[in-house]
Amino acid sequence: MATDVRTRDGGPALSRSASRRSRGEAPFRYASTGAGVFLLVIMAAIAVFLIVEAVPALQANKGSFFTDLTWEPNSTGSFGIAALAFGTVMSSVLALVIAVPVAVGVALFISHYAPRRMAGVLGYVIDLLAAVPSVVYGLWGVIFLVPFIQGPSEFLNEYLGFIPLFDGDIVAGRSMLTASVVLAIMILPIIAAISREVFLQVPKTHEEAALALGATRWEMIRTAVLPFGRPGVISAAMLGLGRAMGETIAVALIFPATFGISFEILTPQGNSIAANIANGFGEATDIGRGALIASGLVLFVITLLVNMGARMIVARRKEYSGAAA
């Protein structure tokens, strides 16, 4: 028969198991807090390193870092980030536009349409695509996609040339469109995998209620699944966008490495910050290396802003979608 142990003030004492749980709570809390603080320290250390290494080159720059289109730190000492930042954002946004509809469709098929055995196989294949090295995607893009996309690019230029995106006097396989397609294929597994898991978390009562009211499967998905999963899809898309912005080898092999700003995605021009760093770091002088690090700092800031914007969007969506409940 258990005895009721009392403390000195007359209140019930904690049981032995509760006391052990209480003793284990503090170390876990300290470890979790330490891990979070350590992550912030690492990010701050990266930012400080980039700033310290970039300042001498920025002081020696003979041009405007934010507006110049030229990149000649090794020869003339003049360099600007405008063309590289434009190419990075442009190619990543195009990749996102291509990848998100396909990824969401794949996720919906696996979670709500495919038979269970087929869904398991497709989910495994999608997850496997995320493990393919980026250099493999780059080699595939150079060897196969660049010659293959020449024909479709000429078709788009001929019949849809009145749209600024598809305009241009010269159409080539090594273009912004080709790089964006490769990036879209690379980020598709990430977006599809996260979206699939989000769609599988939709309460069955929501789906059954929609079907009980006479909705078709598509109407059930449109009214019950997509609103619930919208914050997760947005988070997955922003994660894919960050991956696309930071991709190096694949786009370095495909981009023609030009410095200019143009919305014509079929012409042989385009570059990105990551690709420029990969192509130029080996032969860079001291000023050139500092310029590349300065461009990396810009990419670091852009990525932070993208993730902060994504967090704000997801937080607002949760308030109205009921996903936080």
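## Helix packing around α6 and α8

Helices α6 and α8 are roughly antiparallel to each other, therefore their pairing is a good place to begin. The model described here is a predicted one. The two helices pack at an angle of about 150°, and their axes lie 8 Å apart. Their crossing is right-handed. On the α6 side the contact is made by Leu-183, Met-186, Ile-187, Ile-190, Ile-191, Ile-194, Ser-195, Val-198 and Phe-199. On the α8 side, the residues taking part include Val-225, Phe-228, Gly-229, Gly-232, Val-233, Ala-236 and Arg-243. Sorted by kind, the residues of this α6 and α8 contact comprise 16 nonpolar, four polar and one charged.

### The chain as a whole

Stepping back, the chain holds 11 helices and two strands. Their order along the sequence is α-β-β-α-α-α-α-α-α-α-α-α-α. Of the chain's 325 residues, 40% count as buried. Among contacts with a separation of 6 or more, 71% are between residues 24 or more positions apart.

### Three helix pairs side by side

Two packed helices are described by the angle between their axes and the distance between the axes. Here are those values for three pairs.

| Helix pair | Angle | Distance between axes |
|---|---|---|
| α6 and α8 | about 150° | 8 Å |
| α4 and α6 | about 140° | 10 Å |
| α4 and α5 | about 35° | 4 Å |

Helix α4 covers residues 134–148, and its angle with α6 is about 140°. That makes α4 oblique to α6. The crossing of α4 with α6 is right-handed. From α4, the contact takes in Ser-134, Tyr-137, Trp-140, Gly-141, Leu-145 and Val-146, and these face Thr-178, Val-181, Val-182, Ile-185 and Met-186 of α6 in that contact. By kind, there are eight nonpolar residues, three polar and no charged in the contact of α4 with α6. Met-186 of α6 takes part here, and Met-186 is also listed in the contact with α8.

Helix α4 also packs with α5, which spans residues 150–159. Val-146, Pro-147 and Phe-148 of α4 make this contact with Gln-150, Gly-151 and Pro-152 of α5. The residues of the α4 and α5 contact are four nonpolar, two polar and no charged.

### The nonpolar cores

Which residues touch the most other members of the largest nonpolar core? They are Ile-81, Met-238 and Ile-265, in a core of 66 residues. Helix α6, residues 176–200, supplies the largest share of this core, with 12 residues. Apart from it lies another core, of 11 residues, including Leu-108, Phe-199, Ala-210 and Val-225. Phe-199 and Val-225 of this other core also belong to the contact between α6 and α8.

As for Ile-81, beyond residues up to four places away in sequence, this residue touches Phe-65, Phe-66, Asp-68, Trp-71, Ile-273, Ser-295 and Val-298.

### A few individual residues

Val-104 sits in helix α2, which runs over residues 82–113. Is Val-104 buried or exposed? With a relative accessibility of 16%, Val-104 counts as buried. Setting aside neighbours within four places in sequence, Val-104 contacts Phe-199 and Val-233. Both of these partners appear in the contact between α6 and α8. Val-104 and Ile-191 are 87 residues apart in sequence, yet 7.5 Å separates their C-alpha atoms in space.

Ala-210 belongs to helix α7, residues 204–212. Its relative accessibility is 13%, so Ala-210 counts as buried. Beyond the four places on either side in sequence, Ala-210 is in contact with Ala-215, Met-220 and Thr-223. The C-alpha atoms of Ala-210 and Met-220 are 5.5 Å apart, with these positions 10 residues apart along the chain as their separation.

Ser-78 lies in strand β2, residues 78–79. At 14% relative accessibility, this serine counts as buried. Neighbours within four places aside, Ser-78 contacts Asn-61, Lys-62, Gly-63, Asp-68, Thr-70, Trp-71, Glu-72 and Pro-73. Two of these partners, Asp-68 and Trp-71, are also touched by Ile-81.

Finally, have a look at Ala-257, in the loop between α9 and α10. Although Ala-257 is not a glycine, its phi is positive, at about 60°. A relative accessibility of 37% means that Ala-257 counts as partly exposed.

Notes:
Residues numbered from 1 in each chain as written. Predicted model: local features only at pLDDT ≥ 70, side-chain atom pairs only at ≥ 80, totals over all residues. Heavy atoms only, no water. Core = buried A, V, L, I, M, F, W, Y, C linked by side-chain atoms within 4.5 Å. Buried < 20%, exposed > 50% of the residue type's maximum accessible area, 1.4 Å probe, protein only. Contact = heavy atoms within 4.5 Å. Axes fitted to C-alpha atoms, helices over the stretch in contact; angles between N-to-C directions. Parallel < 35°, antiparallel > 145°, perpendicular 65-115°, else oblique. Left-handed = near helix turned anticlockwise from the far one by under 90°. Nonpolar A, V, L, I, M, F, W, Y, C, P; charged D, E, K, R; others polar.
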